[in-house]
Amino acid sequence: MKIYLDHNATTPLHPQVLAAMTPFLIERFGNASSLHAWGREAKAALERARMTMARALGTSDKDTMVFTAGGTEADNLALAGVATAQAGRGRHIIISAVEHHAVLNTATHLARMGFEVTRLGVDSDGMLDPDDVRRAIRSDTILVSLMHGNNETGVLFPISPIGRICRERGITFHTDAVQSFGKLPLDVEAMQVDLLSLSAHKIHGPKGIGALYIRRGTKMQPILHGGLQERSRRAGTENVAGAIGLAAATELALGDQESAAKRMTDLRDRLEQGVMASVPGVLRNGHPTERLPHATNLAFTGLEAESLILALDLAGVGVSSGAACSSGSLEPSHVLLAMGLPRDRVMSSARFSLGRMSTREEIDRVLEILPPIVERLRRVNAGLSPALGAR
Amino acid sequence: MTPVPDGKSGVVVAMSGGVDSAVAAALLVQQGIPAVGITLRIWPSPRRADDCGRFDSCCSPAAVEDARGVAESLGIPFYVLNYEEEFDREVIQYFMDAYVAGETPNPCVPCNSRLKFGSLYARAKGWGATQVATGHYARVEYDAARGRYRLRRAVDLRKDQSYFLYNLTQEQLAAARFPVGHLSKEETRRLAGEFGLAVAEKPDSQEICFVSGDYRRYLRERLGVAIRPGFIKDTDGTVRGRHQGLAFYTVGQRRGLGIANPKALYVVDLDPETNEVIVGEHQDLWTREVEVDRVSLIAVERLSAPTRVLAKIRYAQVPAAATMIPLANDRVRLLFDEPQRAVAPGQAAVFYDADDPDLVTGGGSIRRPCNLSDRGNRLFQRSA
């Protein structure tokens with residue numbers, strides 16, 4: 001039995017989503033910008049998908065939704081699009097140290113282009129204090145970008161209070177909601193956000209499609225230049241089948257959101273409690289309650305997470321840790337390091353993220369497989385001192 | 001691999017992306033042994049394309065992709081492990097320390113004993129594997145009479161790499177597997193072709209895998225202020241010039257000294273205490289006596305009496321006949337029958353059985369001779 005517990009990385013495409021997409025890959029293949037019947041048919045479907053997405057975020061204004069090639073592009077568009085358009089007002093951008101690399105590295109890129117970036121720290125639970133945002137805001141601040149659910153720890157930032165602060169100061173506020181979208185009810189009015197990134201493949205949709213919510217009146221410029229698609233905000237032939245897939249996955253996720261979240265939380269807690277009961281020296285990373293329903297980040301003291309992930313993979317269980325570098329090896333998690341956790345705890349931490357299809361049998365099987373593996377790795381790790389082996 | 005399905009214990013294959021380790025992995029798979037491919041990432045990992053000033057594929061080294069492709073075609077799991085810090089600590093640090101001390105290092109030796117058959121082997125045990133395989137040209141066998149694992153030179157002596165494996169412990173040798181050790185390089189390439197491996201035609205790698213081009217430039221970049229210029233003296237103690245730092249010189253070196261002399265001058269010694277490079281004429285390079293420390297013995301547990309051996313004082317050398325005299329503190333003295341040229345402290349001295357020259361009996365690290373006051377006498381010394 002193969003058990004996939006890395007749904008924060010990606011999820012399988014749901015058959016219903018594929019069924020919704022398939023006609024738009026084959027017979028209804030039109031270019032949504034064409035004026036003939038084929039184009040009109042694609043365009044109509046695209047706009048229906050757009051409306052689904054708008055409603056999913058608590059608005060009926062579908063023109064606030066721009067389809068992108070995924071969460072990373074949505075984040076890039078939010079940061080670079082605002083920075084370019086509002087550079088005349090100021091050059092200061094606020095993010096946090098635990099953002100996804102799509103935000104972190106876009107901000108770093110903007111810093112090289114002459115913008116100034118403040119990276120707010122988090123406490124040892126991975127939580128951010130809205131007052132820190134208030135204090136960091138300057139007269140030349142043009143953008144605050146803070147994620148909703150953290151991809152590594154699952155910690156949820158208090159988006160609404162931060163949104164209120166930004167709104168009072170007239171500063172554009174972006175949130176990366178890639179991990180929370182579909183798992184928690186999101187409402188752009190309640191959250192008081194101007195920009196919100198989301199992605200399809202985290203919720204059983206296809207890879208290569210995402211969206212950015214852009215509140216009307218937000219001063220933005222496109223980052224992809226070309227045709228006038230997406231109301232001139234994102235050039236390139238529309239990914240109609242992708243957008244249909246995103247909308248279908250969204251409907252699937254919202255259809256039973258509450259019960260699915262409850263089910264995943266129960267299983268997640270069963271996993272957490274089971275691991276902690278059967279394996280000594282396990283610590284949970286991140287806030288105990290303010291977190292996503294389906295994920296947990298655990299430190300297994302006295303072993304290397306890299307070895308644990310590898311051993312679990314060989315035993316048919318997929319989990320992850322930190323961020324993979326280009327060659328595929330692991331780097332220490334910048335999120336856990338930013339929480340001030342000791343380096344050895346960071347290097348021994350692994351992320352387990354469940355999906356709506358995860359079962360109790362799978363969790364119980366993991367609880368059988370895991371303890372002996374941890375025990376063996378700890379035994380070996382004790383011998384992994386620098387003195388090992390003769391020079 | 002964790003629950004070993006058919007009773008066969010698993011093997012971790014250290015895959016460099018080259019043809020030898022690829023064939024090693026293929027041979028294990030062919031024998032039905034559960035194998036897992038591992039590449040140790042030893043170079044820094046740029047976080048972004050602009051960190052390396054180029055927009056092409058520099059951030060995903062081709063070697064990893066080659067190894068990954070081989071593992072994929074063999075249908076075995078493959079992982080890249082981040083060995084950047086460990087490699088720096090265990091290999092590069094040793095490499096630089098040696099040069100600063102006026103020694104000539106063999107970085108492959110600690111890479112094998114401390115990384116591949118050290119920490120990688122330890123990790124492999126954690127994954128449920130019992131052995132580590134590499135693409136080294138060497139052989140391991142079990143000597144039932146003595147109850148010891150033994151190391152043998154490869155069948156293909158032109159490719160033999162047992163020199164770099166002399167200090168593996170008994171436990172490490174028991175865990176080591178060299179599937180290509182009984183093949184010639186040509187056979188390995190032919191097999192790679194037959195297995196349909198994409199790396200079959202890949203050229204052999206260079207000597208020092210972490211230095212591209214001039215190692216002196218690498219040392220200058222890494223060592224900085226640790227490199228101190230000093231005097232070049234001849235064997236009589238006369239100052240003959242200035243040097244740029246001991247790290248840039250090796251015993252036996254002739255070029256780049258910048259000294260006019262009727263006869264060719266060679267580096268005959270590097271003195272880390274006085275920071276002097278000592279030069280001499282050709283005959284000053286030759287010695288019969290070599291002291292070796294940190295000796296690791298393979299074929300026997302301890303030495304008690306002088307033994308006739310064959311020995312190498314550098315990788316590219318035919319083993320020469322010598323008498324090995326055991327000293328205290330894991331040291332031995334080698335008295336070669338014929339004088340040896342340019343014995344460089346820090347290099348590995350490796351011993352082979354006098355009657356069975358394929359058998360590696362042990363080795364150690366060449367010491368700088370402690371008494372150099374009378375250089376004339378040191379040369380052509382009589383055996384004790």
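**Close-ups of a predicted two-chain model**

**View 1. Asn275 of chain B sits in a loop between two strands.** B:N275 is found in the loop that links β10 (266-271) to β11 of chain B. This is a predicted model, so the usual care applies to what follows. B:N275 isn't a glycine, yet its phi is positive, at about 55°. How buried or exposed is B:N275? It counts as partly exposed, because 15 C-beta neighbours fall inside 10 Å.

**View 2. Asn329 of chain B is another loop residue with a positive phi.** Here the loop runs between β14 (320-327) and β15 (331-341) of chain B, and B:N329 is part of it. Its phi is about 60°, again without the residue being a glycine. B:N329 has 7 C-beta neighbours inside 10 Å, so it counts as exposed.

**View 3. Leu285 of chain B is a buried loop residue.** Look for B:L285 in the loop between β11 (276-280) and β12 (286-297) of chain B. Being in a loop doesn't leave B:L285 out in the open: it has 20 C-beta neighbours inside 10 Å and therefore counts as buried. Which residues does B:L285 touch, once its neighbours within four places in sequence are set aside? The contacts are B:G252, B:Y266, B:V268, B:R341 and B:A342. For a sense of scale, B:A311 is 26 residues away from B:L285 in sequence, and their C-alpha atoms are 18 Å apart.

**View 4. Strand β17 of chain B is mostly covered and has several pairing partners.** β17 covers residues 359-366 of chain B, and eight of its eight residues are buried. Start with β16 (residues 348-353) of chain B, which pairs with β17(B) through five bridges in the antiparallel sense. In this pairing B:V350 is found opposite B:G363 of β17(B). The two strands make a hairpin, with five residues between β16(B) and β17(B). Next comes β12(B), which runs antiparallel to β17(B) and is joined to it by four bridges. There, B:L297 faces B:G362 of β17(B). Finally, β6(B) and β17(B) are antiparallel too, with two bridges joining them. B:L151 has B:V360 in β17(B) as its bridge partner.

**View 5. Domains 1 and 3 of chain B meet with help from strand β6.** Chain B splits into domain 1 (10-194), domain 2 (228-280) and domain 3 (287-378). How far apart are the C-alpha centres of domain 1 and domain 3 of chain B? They lie 27 Å apart. The contact between these domains takes 16 residues from domain 1 of chain B and 16 residues from domain 3 of chain B. On the domain 1 side, strand β6 (residues 148-153) of chain B gives the largest share, with five residues. That side of domain 1 of chain B is a mix of six nonpolar, five polar and five charged residues.

**View 6. Chain B as a backdrop to the close-ups above.** Zooming out, chain B holds eight helices and 17 strands. Of its 384 residues, 45% are buried. Among contacts in chain B with a separation of 6 or more, 64% join residues that are 24 or more positions apart.

**View 7. The two domains of chain A touch each other.** Domain 1 of chain A is built from two stretches (3-9 + 256-380), while domain 2 takes in 15-255. Their C-alpha centres are 28 Å apart. Domain 1 of chain A puts 23 residues into the contact and domain 2 of chain A puts in 25 residues. Which elements give two or more residues to the domain 1 side? In chain A they are α10 (257-278), β10 (295-300) and α12 (334-338). By residue type, the domain 1 side divides into nine nonpolar, 10 polar and four charged.

**View 8. A three-strand sheet in chain A has a helix lying across it.** The sheet is open, with strand order β9-β10-β14 (chain A) and antiparallel pairing. β9 (282-284) and β14 (349-353) of chain A are the edge strands, each pairing on one side only. From one strand to the next, the twist averages 30°. Five bridges hold the antiparallel pairing of β10(A) with β14(A), and A:A295 is opposite A:S353 of β14(A). Across β9, β10 and β14 of chain A lies α10(A), which runs at about 10° to β10(A).

**View 9. Helix α9 of chain A is largely enclosed.** Of the 16 residues in α9(A), 13 are buried, so the rest of the structure largely encloses this helix. Its length checks out too: at 1.5 Å a residue, α9 (residues 240-255) of chain A should span 22 Å, and its end C-alpha atoms are indeed 22 Å apart.

Terms used
Residues are numbered from 1 along each chain as its sequence is written. Chains are lettered from A and ligands numbered from 1 in the order in which they are written. This is a predicted model: local features need pLDDT of at least 70, side-chain atom pairs count only at pLDDT 80 or more; totals for chains, interfaces and linings use all residues. Domain bounds come from an automatic or database domain assignment. Two residues are in contact if their C-beta atoms, placed from the backbone, lie within 7 Å. Ala, Val, Leu, Ile, Met, Phe, Trp, Tyr, Cys and Pro count as nonpolar, Asp, Glu, Lys and Arg as charged, and the others, Gly among them, as polar. The expected span of a helix is 1.5 Å times one less than its number of residues. A residue is buried if 20 or more other C-beta atoms lie within 10 Å of its own, exposed if 12 or fewer, and partly exposed in between; C-beta atoms are placed from the backbone. Two strands pair if DSSP finds at least two bridges between them. Axes are lines fitted to C-alpha atoms, for helices over the stretch in contact, and angles run from 0 to 180 degrees between N-to-C directions.
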